[in-house]
Amino acid sequence: MSKKDLRLKIDELSSSIGVFKGLDIQIGRIIDDEWDEPMGPTPFPSIGTLRDWDRKLLERYKPFYMPLCDLCCLCTFGKCDLTGDKKGACGITMAAQQSRIVLLACCIGASTHCAHARHMMDHLIEVYGRDHVLDIAINTNVQAPNTRLVCGIRPKTLRDLEDALDYVETQLVQLTATAHTGQEGDNIDFESKAFHAGMLDHVAMEVADMCQISTLGFPKGVADAPMTEIGFGSIDTSKAVIMCIGHNVLPSVDIIDYLMENKLFEEVEVGGLCCTAHDQSRYDKRAKIVGPISWQLRYIRSGIPDVVVVDEQCLRTDIVDEAQKIGAPVIATSEKSMLGLPNRTHDPPDEIVDDLVEGRTPGVLILEPDKVGEVVVKTALKMKPKRMGFKALSMEKLIELAATCRSCMECVRACPNNLPLMDAVKAAAEGSVDALAKIQPMCVGCARCESACPQKLPLVSFLTKAADEKGMTDSFAIRVGRGAVTDVEIREVGRGIVFGEIPGIVALVGCANYPRGGLEVADIAEEFLKRRFIVLATGCAAMDLALRKDEDGLNLYEKYPGNFDAGGLLNIGSCVSNAHITGAAIKIANIFAKRPLRGNYEEIADYVYNRVGAVGIAWGAMSQKAASIASGCWRLGIPVIVGPHGAKYRRNLLGRADKEEDWMTLDARTGEEKYVGPVPEHLFYSAETLEEAMVMTAKLTMRPNDTTKGRAVKLSHYIDLHKTYYGAMPDDLHLYVRVEADVPFTMKEEVLGIIKDKGWEEGKIGLLDPTLLDRMVRRKS
Ligand code: SF4
Ligand code: SF4
Ligand code: SF4
């Protein structure tokens, strides 16, 4: 179904009420439905449509709140103290307030992707026209699974995506309104609304990525997407260097086009950070990926960039000041981040270049993507010789400055990762930067230490310099983002996933707010790749797992294939490509199990929840977008694990394994209600350590519908990881073994002995055709 503009122009019309001349009638758009799949029950759901489904999940996975702040200061009644059982002046409780903050975070995240999608779509429609056909993956009929599922439409052209985005925008306004003082008062309803925001986010992300894949020639779901380079060492510093940061690739596309048209790739290097880097490399593999967003400050302080281009999201808001320190002008390209810079959109390019090169302005705002390329490239070429004299912090200067440290510990107190900076600075003052170099990989580049330091020591530069001396100029191979999982891949592995022969899908997503550095992401990925899970990655996580080489000099992208199959490692792409991860789960239900997709959210979510052993891990989750991405997974029944900093999202969604009554599930064949065990045990879990995350991931892949063979495979990984990382057998196996055949063959005696001691009885836990939806029961008992 798509809506079409209707415009009638009639020179003269005679009717019973008279004669009309020069008649021009416009009727917005009319519905043109040519999709033969019947419409499901919930097309374009509003806030309350899926409330019952959400409540089923939230009854099982009760919010566990971890307030960061006991006060509310959202309106002028406040500040209101919400400690204990106190209520705010508006009557709100602490639980509702925490959920309200979660909802707001999810609304911000979803709005950010939606605004990004709108900007991208409007621009690409201008360039390619509304009738440009969508084509996002080879061997694929089910394009836009999130949009089909949620909206009940089957987009075929850019025009059709407008309908989806109109809907998302409208719903986000409605959701944000519910957070106003004196509206919603129930924490579970706030949680349900947060789920709604997350679901909308996946539609918005899908729209954004479909637009760019279809028009910009990105890889279309291919396993062998081209390799490019990542790392400081990938940048050829003998050329003029352009640094692009953010998430919206359109300005970068113009830069690359300008370089191609003017044959300047030999003289100019383009490298990016964060998702713009992913999408640049999807556009042209000559564009380098410098690294994740946490390297932003480090890269600027290295002095390498000759010009800095920012688009939107996750930028350092002090980027103009930082770029000034190295004499590099900043070009802002989005209304969302104008950074106080003068708007030069309509000025002649050469005039803008002159002003930047002569330092008459620290940067400019250019809101027309088609003008960015020329200005940026010309500026970079002119800045390069001017900046030759720039010197990054020298080792002598570092040691001299380190000697001024007052030993006040403020830097350590300010550091979110509690890094032992003071001792490292003291050691540097004595001439050894080894301790600084050792800390550097665990630094997330936030510069809170610098802000706290009374001596104004440039501590991030200290770390960068020390690490540089230790050979942090490497480059690594990375497969560029491939985009969606194809229908053919789903057909081939759907059975293995649903029946458990493939132990699970692990999706490594999100930002770079790691507790102990990005290499942990590679550890997680490799653990599960070796175990023949399917590992998907996006955003900064997809970059970080490229950064570790083995003794043969190979990294994970070089060791594991890029296809959606057991032991495959897929770089799906940028943040907006996360929609393809939920899209793959949805397609398993639709393509493999033939469940109707159209406007049929509950049934598909019920299928994914009970059958598809997928787990998301956002080890460095930081942004509001990460919150809304996770929230979209929760509503679809996909559990998400975050790292220790993820606790600052203020609440987890935890199941109670000890409460049998929480895990009663319907058998779709009979309507009988049976205990299925706590699978998956949690929906949102914040792990303290890497080891805890890995063991929990294996556990959360279990689903009620696992076959005995599948459950045995999953249990063997759970037990093995538990033994490896905790040195002991898990003490909850009796909750996961349904029948003897579930027990991994090689561990039979040991496991049966343990669970029988716990009072386990065969058959107490159900093996059934599970559903949480009464309407899915085929024959009532
Ligand atoms: S929104 Fe409610 S709790 Fe918050 S400051 Fe206003 S009255 Fe107090
Ligand atoms: S920049 Fe690095 S060392 Fe400094 S506070 Fe942040 S994480 Fe800690
Ligand atoms: S905050 Fe600055 S002065 Fe204080 S211990 Fe850290 S480096 Fe030294």
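## Meeting Arg 301

Which residues does Arg 301 touch, not counting residues up to four places away in sequence? In this predicted model, the answer is Glu 322, Lys 325, Ala 392, Glu 450, Pro 458, Val 460 and Ser 461. You can find Arg 301 in helix α8, which covers residues 296-301.

One of those partners deserves a second look. The side chain of Arg 301 makes a polar contact with the side chain of Ser 461, at 2.8 Å. Is Arg 301 buried or exposed? Its relative accessibility is 12%, and buried means under 20%, so Arg 301 counts as buried.

## The nonpolar cores

Now let's turn to the nonpolar residues. In soluble globular proteins, nonpolar side chains tend to be buried together. The largest nonpolar core here has 205 residues, and Leu 508, Leu 545 and Phe 564 touch the most other members. Helix α5 (residues 187-216) gives this core its largest share, with 16 residues. Another core, of 27 residues, lies apart from it; Phe 265, Val 364, Val 376 and Ala 380 are among its members.

What does Leu 508 contact once its neighbours within four places in sequence are left aside? The list includes Val 521, Ile 524, Ala 525 and Ile 617. Leu 508 is also in contact with Val 535, Leu 536, Ala 537 and Thr 538, which fall in strand β15 (residues 534-538). Ala 541 and Leu 545 are contacts of Leu 508 too.

## Strands β15 and β16

Strand β15 has a partner to follow. It runs parallel to β16, and 4 bridges join the two. To see one place where they face each other, look for Thr 538, which stands opposite Gly 573 in β16.

Why is strand β16 described as largely enclosed by the rest of the structure? Strand β16 spans residues 569-573, and 5 of its 5 residues are buried, so the surrounding structure largely encloses it.

## Strand β22 and its two partners

Strand β22 (residues 682-686) is mostly covered as well, with 5 of its 5 residues buried. How do its partners run, parallel or antiparallel? Strand β18 (residues 640-642) is parallel to β22 and joined to it by 3 bridges. Strand β19 (residues 651-654) is antiparallel to β22, with 2 bridges between them.

You can trace both pairings residue by residue. On the β18 side, Val 642 stands opposite Ser 686 of β22. On the β19 side, Leu 654 has His 682 of β22 as its bridge partner.

Key:
Residues numbered from 1 in each chain as written. Chains lettered and ligands numbered in written order. Predicted model: local features only at pLDDT ≥ 70, side-chain atom pairs only at ≥ 80, totals over all residues. Heavy atoms only, no water. Core = buried A, V, L, I, M, F, W, Y, C linked by side-chain atoms within 4.5 Å. Buried < 20%, exposed > 50% of the residue type's maximum accessible area, 1.4 Å probe, protein only. Contact = heavy atoms within 4.5 Å. Pairing = 2+ DSSP bridges. Polar contact = N/O pair within 3.5 Å; in protein donor to acceptor, adjacent residues only side chain to side chain.
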